[in-house]
Amino acid sequence: MLTSSSSSSDLFTCNSLPSLRNAFSSFTIPMGLKLSRKVAGLRIFSRQVKDRSTLKVSCRRAQERVVEEEASSTMTETRRESFKVSSGEVSPLGVSQLDKGINFALFSQNTTSVTLCFSLPQSDKDDLNDKGMIELVLDPSVNKTGDTWHICVEDLPLRNVLYGYRIDGPGEWQQGHRFDPSIVLLDPYAKLVKGRSSFGDSSQKFAQFYGTYDFESSPFNWGDDYKIPNIPEKDLVIYEMNVRAFTADESSGMDPDIGGSYLGLVEKIPHLQDLGINAVELLPVFEFDELELQRRPNPREHMVNTWGYSTVNFFAPMSRYASGEGDPIKASKEFKEMVKALHSAGIEVILDVVYNHTNEADDKYPYTTSFRGIDNKVYYMLDPDNQLLNFSGCGNTLNCNHPVVMELILDSLRHWVTEYHVDGFRFDLASVLCRATDGSPLSAPPLIRAIAKDSVLSRCKIIAEPWDCGGLYLVGKFPNWDRWAEWNGMYRDDVRRFIKGDSGMKGSFATRISGSSDLYQVNQRKPYHGVNFIIAHDGFTLRDLVSYNLKHNEANGEGGNDGCNDNHSWNCGFEGETGDAHIKSLRTRQMKNFHLALIISQGTPMMLMGDEYGHTRYGNNNSYGHDTALNNFQWKELDAKKQNHFRFFSEVIKFRHSHHVFKHENFLSKSEITWHEDNWNNPESKFLAFTLHDSVGGRDIYVAFNAHDYFVKALIPQPRQGKQWFRVADTNLESPDDFVKEGVAGVADTYNVAPFSSILLQSK
């Protein structure tokens, strides 16, 4: 928007750009700029000054210079720029390359003015701000089709141009508009984003986010022998992890330029193979704002959002996960190198995606970087008073089922599949995606259906976190079209409660480990549509689950009021770290019990990074804001646990891979499982045993869990004719006897199952 307080006598032309001036059939500057209807115009403005002997003339461009012309002096030499422009193409949205130049296209339904701002590559300048950009005002009679604004600029460099938009429109907040032409806004369709150069650098907390592009580099070489794993869902074992936290700690032994990056993850792929998982679920890797908590004084201003749930843009990989300094082009290339390396190792890549809110906060403390200033009424859900609705718990809620926003999300997902070859998505707070534009729940949400039916996404795993912060709990009821899987929150709660010894949980525990048929045996849904987990990024780690009764979140700055209170945890007799050998032994058994239950359950198992060595956050169950050892993988701890804790976890996972009885395509029939139980209705019974029958190889599996605080003498069923039972796992034993993959012979007709322990036998 052109602002000026000058009178008509202050008119001037910008002599530094004569070639652009010749493009106009006429222009005058009374209180603004009148443009030719043939092309967009360069913004030119004057400022009223108190001392009329000094006239300040400002042309916005890279390295803005304010030229002061004294009455007795001549104008200093200025840099000349000229750009040929044309009306451009309406699609695709974002930046694209045409034969005649670079095309820019932006949707905004309610705006009245759009100005393209850009800066040319500068190798010697890192401190660009929005006052140093060339600006082209778009003419709505030429550069607008429907609600899309577009312009083609010739002779622009093919890479490293930074760009954004100034947008103006109705100023009435009470009508839901949040236009502010003083801000250069990030293109929602920018495929690459230039932000801060270093992760978590507080000196850059107000750094601008700009779109950029690269039409010059050669296409990424995926390799002639490259192939996508395409692992069946029933065979997945998912490892939830954070790219940065995986290798950021100095114990990773990496060069600081590599640690915490996509390439850092690549170097540690052998660990993932050794563990036995075959899919990684990456916490958010879209460009996000890790310093969102530091923009104003508040109790959390000491924290860095290292989990990444503060999305800036839905198309660009996190630039500060590149090696060295944050470079968007390098980040894109290295992300592809990471995916290629993981695929070569037989590991699929699932992204945790956040389409429920953005980094732009609420109306009390607004932070406008993109969607809010482009078209708040389109991109966000508003209440009847045109204030932001908050079903995300983060101040705003993306208007996911608005046709324009729905298409944005679909385009984003397709981009990650076609450009980066990812294998699936886990949708954070996915119940938000099931709400109408007014926030009311929908039984058949258009976006959810579109994702399930989209041809590009047809090979992808699609996983919902089936709840939101507005109380829309959809576990087992998420609209699915027989495609969507769900994080099974009921599995987490019921398994936790049974293993720690709560009364009345045996029946629920049996239902969960046998595939949660009460939730998912509907239409054509399968057991693997339930993603089983005991631990996830939010909440206690596995070690903390058996070490703390209460959360300890004081370090978060909210007086311990944040984080979940219903953790279903048990500290085994002492709160926190202890040297008591008995308590430590019990905690070790409990961790192994939880892991064994998870991995032998029907459905898709998911574990958390670090649980394979017993990572602790010292009772903090909401550690999103700590870019420290609290979240970072501790490689020395792994080395110390390699021959015991890690060995057990790894061997159990590999045992699952080699035994189809844990991975049924359909829900278990009576011929496939026998429950050795006649005490279902006794709430004080905390022992459960069952046999999974192997109809193919005859190698049946017997499993028993004892959550009593005393030994239980279990009657072992007779094996098939010609077979005998071999002990594979007993969590009460020390390593390496706690898991012997080939089995130990000599199992009698009874087995004394120790307190708080579990066993697994195989018939051979």
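Modeller: A nonpolar core here is a set of buried Ala, Val, Leu, Ile, Met, Phe, Trp, Tyr and Cys residues joined through side-chain atoms within 4.5 Å, and I apply that wording to a model that is predicted.

Colleague: Which residues of the largest nonpolar core touch the most other members?

Modeller: The core has 166 residues, and those with the most contacts to other members are F104, Y239, L351, F425 and F427. Helix 13, residues 581-600, gives the most to this core, with 9 residues. In soluble globular proteins, nonpolar side chains tend to be buried together.

Colleague: What does L351 touch, once residues up to four places away in sequence are not counted?

Modeller: L351 then touches L282, V285, F286, F335, W416, V422, G424, F425 and R426, where a contact requires heavy atoms within 4.5 Å.

Colleague: What makes T628 count as partly exposed?

Modeller: Buried means under 20% relative accessible area and exposed means over 50%; T628 has 39% relative accessibility and therefore counts as partly exposed. T628 is placed in the loop between strand 22 (604-608) and helix 14 (635-641), and its C-alpha lies 9.5 Å from that of V304, although the two are 324 residues apart in sequence.

Colleague: Why are helix 9 and helix 10 called oblique to each other?

Modeller: Helix 9, residues 489-499, and helix 10, residues 506-513, pack at an angle of about 130°, with their axes 9 Å apart. Angles over 145 degrees count as roughly antiparallel and those from 65 to 115 as roughly perpendicular, with oblique kept for the rest once angles under 35 are also set aside, so the pair is oblique. The crossing of helix 9 past helix 10 is left-handed. On the helix 9 side M490, Y491, D494, V495, F498 and I499 take part, meeting K506, S508, F509, R512 and I513 of helix 10.

Colleague: How do you know that strand 27 pairs with strand 28, and in which sense?

Modeller: Pairing requires at least two bridges between two strands, and strand 27 has 2 bridges to strand 28, residues 739-744, in the antiparallel sense; within this pair A729 stands opposite F739. Strand 27 is also joined to strand 30, residues 757-763, by 5 bridges, again running antiparallel, and there F726 stands opposite Q762.

Colleague: What makes strand 27 mostly covered?

Modeller: The cut-off for buried is under 20% relative accessible area, and 6 of the 6 residues in strand 27, residues 725-730, are buried.

Methods: Residues are numbered from 1 along each chain as its sequence is written. This is a predicted model: local features need pLDDT of at least 70, side-chain atom pairs count only at pLDDT 80 or more; totals for chains, interfaces and linings use all residues. Side-chain values use heavy atoms; hydrogens and water are left out. Buried means under 20% relative accessible area, exposed over 50%, partly exposed in between (1.4 Å probe, protein chains only). Helices (H or I, at least four residues) and strands (E, at least two) are DSSP runs, numbered from the N terminus. Axes are lines fitted to C-alpha atoms, for helices over the stretch in contact, and angles run from 0 to 180 degrees between N-to-C directions. A crossing is left-handed if the near helix is turned anticlockwise from the far one by less than a right angle, and right-handed if clockwise.
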